[in-house]
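Okay, thanks for squeezing me in. I'd like to walk you through one structure, so let me put it up on the screen.

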Amino acid sequence: MRIDVALVHYPVINRHGETIGSAVTNLDLHDIARAGRTYGVGTYWVITPFEEQRQLAEQIVGHWTRGYGGSVNPDRSDALALITVCASYAEALAGATEKFGERPLVLATCAKEQANTLEYAEIREKLGRETPVLLLFGTAWGLSPELMAAVDGVLPPLRGTTGFNHLSVRSAAAIILDRLLGECSGTMQAL
């Protein structure tokens, strides 16, 4: 399977729907990288236009891949080696396109229903045919409307049995990767 994930820190929206940039967090780097490594993700793109945030992310990744952390915990090193830090969505898309040798199908995740929603079964089938996919996860209150308008499709929102719907991005990433790439994903009934 050919799938990359990207954690977008800009352009995302705040609780008022304004386009902002959000901060890189240590937990998101670690947890999404570990989920990505578990499910066979190729590259985990961390997108932030802020130089200081890129430096911080590179420092964290370096500690676990080339520094002392990697020698103490090789599994963490293996997972964080998936991370490539970049300044923009365009840079991540260009990198994924170069790596795959073709433009990937770009899919967004969103906590709300969208008109261009594709079902998990359809995406699993595309992945099975070796269609490359770049899966975007938004931070803060989600991807900006401009970025959502630029994607090829959106995955269905995750829903629990309550009206509460505010998962952390790292929890959502793990659930979505399991639905798309998990051992039982091909046999699951309607999701």
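Let's start near the beginning of the chain, with P11, which sits in the loop between strand 1 (3-8) and strand 2 (12-13). Have a look at the bond leading into that proline: the peptide bond from Y10 to P11 is cis, with omega near 0°. And before I go further, please keep in mind that this is a predicted model.

Next up, the helices. Two packed helices are described by the angle between their axes and the distance between the axes. I'll give you both for each pair.

How do helix 1 and helix 8 cross? Helix 1 covers residues 26-39 and helix 8 covers residues 169-181; their axes come within 9 Å, and the crossing is roughly 10°. Angles under 35 degrees count as roughly parallel, so that is what we call helix 1 and helix 8. If you want to click on the residues, helix 1 brings L27, D28, D31, I32, A35, G36 and Y39, and helix 8 meets them with V169, R170, A173, A174, L177, D178 and L181. Sorted by class, the residues of this contact come out as 9 nonpolar, 1 polar and 4 charged.

While we're at that end of helix 8, look at G182, in the segment that follows the helix. Is G182 buried or exposed? With a relative accessible area of 6%, G182 is buried, since the cut-off for buried is under 20%. Setting aside its neighbours within four places in sequence, G182 contacts Y39 and L177. Both of those names were in the contact between helix 1 and helix 8 that I just read out. By contrast, P157 is 25 residues from G182 along the chain, and the two C-alpha atoms are separated by 18 Å.

Helix 8 has another partner, helix 6 (120-128). Here the axes come within 9 Å and cross at roughly 65°. From helix 6 you get Y120, I123, R124 and L127, and from helix 8 you get I176, R179, L180 and L181. That contact has 6 nonpolar residues, 2 charged and no polar ones.

Back to helix 1, because there's a pairing with helix 2 to show you as well. These two pack at an angle of about 50°, and their axes are 10 Å apart. That makes helix 1 and helix 2 oblique to each other, and their crossing is right-handed. The residues to colour are N26, L29 and H30 in helix 1, and A57, I60 and W64 in helix 2. By class, we have 4 nonpolar and 2 polar residues there, and no charged ones.

Let me stay on helix 2 for a moment, with a quick sanity check. It has 15 residues, 51-65, and at 1.5 Å a residue it should span 21 Å; the end C-alpha atoms are 21 Å apart, so that agrees. Which residues of helix 2 are buried? They are Q53, R54, A57, I60, V61, G62 and W64. And what do they pack against? The answer is helix 1, helix 3 (68-72), helix 4 (74-80) and strand 5 (83-86).

Helix 3 gives us another glycine, G69. It is buried, at a relative accessible area of 3%. Not counting residues up to four places away in sequence, G69 touches H63 and W64. E58 is 11 residues from G69 along the chain, and their C-alpha atoms are separated by 14 Å.

Last stop, the loops. E130, in the loop between helix 6 and strand 7 (133-138), has a phi near 70°, which is positive in a residue other than glycine. A140, in the loop between strand 7 and helix 7 (145-150), also isn't a glycine, and its phi is positive too, at about 55°. E130 counts as partly exposed at 37% relative accessibility, and A140 is partly exposed with a relative accessible area of 37%.

Finally, A111, in the loop between strand 6 (105-108) and helix 6. At 41% relative accessibility, A111 counts as partly exposed. Leaving aside neighbours within four places in sequence, A111 is in contact with P157, R159 and N165. The C-alpha atoms of A111 and P74 are separated by 34 Å, with their positions 37 residues apart along the chain.

That's my tour, thanks everyone.

Notes. Residues are numbered from 1 along each chain as its sequence is written. This is a predicted model: local features need pLDDT of at least 70, side-chain atom pairs count only at pLDDT 80 or more; totals for chains, interfaces and linings use all residues. Side-chain values use heavy atoms; hydrogens and water are left out. Axes are lines fitted to C-alpha atoms, for helices over the stretch in contact, and angles run from 0 to 180 degrees between N-to-C directions. Helices (H or I, at least four residues) and strands (E, at least two) are DSSP runs, numbered from the N terminus. Angles under 35 degrees count as roughly parallel, over 145 as roughly antiparallel, 65 to 115 as roughly perpendicular and the rest as oblique. Contact means heavy atoms within 4.5 Å. Ala, Val, Leu, Ile, Met, Phe, Trp, Tyr, Cys and Pro count as nonpolar, Asp, Glu, Lys and Arg as charged, and the others, Gly among them, as polar. The expected span of a helix is 1.5 Å times one less than its number of residues. Buried means under 20% relative accessible area, exposed over 50%, partly exposed in between (1.4 Å probe, protein chains only). A crossing is left-handed if the near helix is turned anticlockwise from the far one by less than a right angle, and right-handed if clockwise.
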